[in-house]
Amino acid sequence: MPRFELAMLPTPLQEAPRLAKAIGLDRLLIKRDDNTGLAFGGNKARKLEYLVADAMRQGADMLLTLGAPQSNHCRMTAAAARVAGMECELVLNGRPIDEVQGNMLLDRLFGAQWIFAGDRKSSEVMAERADHLRADGHRPYVIPGGGSNGLGALGYVGCAFELAQQLDERSEHPRYIVCAGGSCGTLSGLTLGVALAGLDAQVVGVSISRSVPDRVARVREIVIDSCEHLDIATPIATPEIWGDYIGPGYGMQTELSERALTTVAMAEGIVLDPVYTAKAFGGLIGEIQAGRVKRSDLVVFVHTGGTPALFADPSLYWHPDPT
């Protein structure tokens with residue numbers, strides 16, 4: 001499949017001994033996809049390699065996508081557009097906000113234009129905006145939220161093969177491969193890729209916003225779409241979903257996600273993000289505490305990035321006790 005190179009690959013597979021001890025595991029490996037290189041890194045670089053290649057094949061002059069105001073996907077799409085010599089427009093969820101910080105600051109730095117969807121569905125607003133842009137003579141390429149469709153998920157099919165090679169070189173056999181389950185492109189690609197690569201590991205998605213049946217159905221939909229792009233039969237590939245760690249809702253912290261953010265930073269000097277990776281790692285902590293993940297289970301945690309969102313979350317601005 002055509003790819004437009006955006007990511008610095010392969011990303012490291014890092015041993016995390018102090019963190020493993022802190023959370024009650026004998027071994028823990030972290031797949032550092034926060035180090036993909038594009039615009040502070042993150043998982044979207046792998047997806048955008050396939051999506052931007054398709055946009056260029058279609059002669060697009062603009063990337064158009066949607067997301068929350070602190071969307072990592074929007075930030076990386078804006079950067080990818082610059083690498084490809086295109087413009088970028090964003091449709092942001094909800095009502096306009098005045099304070100530009102975190103990912104929005106980077107969106108602006110990359111020259112992206114944005115509008116807010118207000119009380120309407122952002123997907124409907126994006127479809128209307130695409131029609132207006134075409135009427136004005138532009139050639140927008142519309143990317144779904146998170147870059148999560150069958151084409152974008154191929155980035156994580158490739159990641160699974162990359163991971164399989166790294167594990168083989170180290171003679172490692174993980175029990176679980178854990179990632180955040182948001183728009184499910186990463187989770188779907190890993191699920192399909194692990195099946196195709198023949199890895200004997202259970203792919204797990206920690207839901208950060210939706211119910212378990214919803215996430216399973218979404219993964220299945222994306223996997224089928226990816227197989228159509230690859231012209232292969234759809235294998236029996238179903239992820240395990242940990243659905244008990246959503247808390248009050250999307251983007252809202254929990255006791256476990258706050259603990260994960262601090263524990264990972266203190267143990268290994270690795271920074272998670274408050275929306276996705278902290279909640280996913282909090283889910284891993286929760287499953288260990290519940291005894292469903294055993295101390296002897298080797299876990300690979302896929303760090304999907306998202307750190308700029310830290311600088312837009314006022315709840316994290318605390319003053320340490322000087323004593």
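This is a chat about strand β3 and a few backbone details in a predicted model.

Biologist: What should I know before looking at this one?
Modeller: It's a predicted model, where local features need pLDDT of at least 70, side-chain atom pairs count only at pLDDT 80 or more, and totals for chains, interfaces and linings use all residues. Residues are numbered from 1 along each chain as its sequence is written, and side-chain values use heavy atoms, leaving out hydrogens and water.

Biologist: OK, how many residues of strand β3 are buried?
Modeller: 6 of the 6, residues 62-67, so β3 is largely enclosed by the rest of the structure. Buried means under 20% relative accessible area, exposed over 50%, partly exposed in between (1.4 Å probe, protein chains only). Strands are DSSP runs of E, at least two residues, and helices are runs of H or I, at least four, numbered from the N terminus.

Biologist: And which residues point which way from β3?
Modeller: M62, L64 and L66 go one way, while L63, T65 and G67 go the other. In a regular strand the side chains alternate between the two faces of the sheet.

Biologist: What does β3 pair with in the parallel sense over 6 bridges?
Modeller: Strand β4, residues 87-92; pairing takes at least two DSSP bridges between the strands. β3 also runs parallel to β6 (residues 140-142), joined by 3 bridges.

Biologist: Where does L63 fit in?
Modeller: Its bridge partner in β4 is C88, and in β6 the partner of L63 is Y141.

Biologist: Switching topic, which peptide bond is cis?
Modeller: The one from L9 to P10, with omega near 0 degrees. P10 sits in the segment before β1 (13-15).
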